[in-house]
Amino acid sequence: MGGYSTSVSTSILVFFLLLGFSAAKQVLVGGKIDAWKVPSSEADSLNKWAQKARFQVDDYLVWKYDGGKDSVLQVKKEDYANCNTSKPIKEYNDGNTKVKLDRPGPFYFISGAKGHCENGEKIAVVVITPKRSRYIGISPSPSPAHSLEAPAIAPTSSATALKSGLVVMGMGVLAMYVGFLV
């Protein structure tokens, strides 16, 4: 029974590790509640924070701010560079803004409050391009040249034993790989 329990525990652990790697996150802009404001210095810029962070497709950016005094505008690159507030892609002013990063590439946000963007209240984030997963069961099937299947052999008792041995060997490689992950 002990071996069964250990393998079930290992399987559950691997499942949650894989889930953790792929789960979307809610990221508080600037890493704190009062970050959406005119920065006191260049070192306090939200872009310094964003350059250190890693954003993935389906993550959410979350802003906490006074909706009566400020807003968040999602804009195009040109409008970001020029602090143009007149034609946003989307405007948020609820004080608790949540934006889904739904594609890889850059996203640009500026403050809608007069003069704030010009004084540095803006952020550009880059969502990384998802790579193909290398995990067993998620990745596409291997090409026939890399398959664990045995070569075509006439069905005899020794051929069946050879094929079974290759499958068992393949399961051993899988077990070592899973053990390495844990």
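**Reasoning about N47, strand 7 and the nonpolar cores**

In this predicted model, the side chains of N47 and Y80 make a polar contact at 2.7 Å.

Q: What makes the pair formed by the side chains of N47 and Y80 a polar contact?
A: A polar contact requires N or O atoms within 3.5 Å, one able to donate a hydrogen and the other to accept it. The value for N47 and Y80 is 2.7 Å, so the pair meets that limit.

Q: Why is N47 called buried?
A: Its relative accessible area is 18%. Buried means under 20%, so N47 qualifies. N47 lies in helix 2, and beyond its sequence neighbours within four places it is in contact with Y80, K122, I123 and A124.

Q: Why is strand 7 described as largely enclosed by the rest of the structure?
A: Six of its seven residues are buried, so the description applies.

Q: How do you know that strand 7 and strand 8 pair?
A: Pairing needs at least two bridges, and six bridges join these antiparallel strands. Strand 4 also pairs with strand 7, in the antiparallel sense, over four bridges. Within these pairings, Y108 is the bridge partner of V75 and stands opposite A124 in strand 8.

Q: What makes the 19 residues a nonpolar core?
A: Such a core consists of buried residues of listed types, joined through side-chain atoms within 4.5 Å. The largest one has 19 residues, and F109 is one of those with the most contacts inside it. Strand 8 gives the largest share, three residues. Apart from this core lies another, of seven residues, among them L73, V75, Y80 and Y108.

Key: Residues are numbered from 1 along each chain as its sequence is written. This is a predicted model: local features need pLDDT of at least 70, side-chain atom pairs count only at pLDDT 80 or more; totals for chains, interfaces and linings use all residues. Side-chain values use heavy atoms; hydrogens and water are left out. Buried means under 20% relative accessible area, exposed over 50%, partly exposed in between (1.4 Å probe, protein chains only). Helices (H or I, at least four residues) and strands (E, at least two) are DSSP runs, numbered from the N terminus. Contact means heavy atoms within 4.5 Å.
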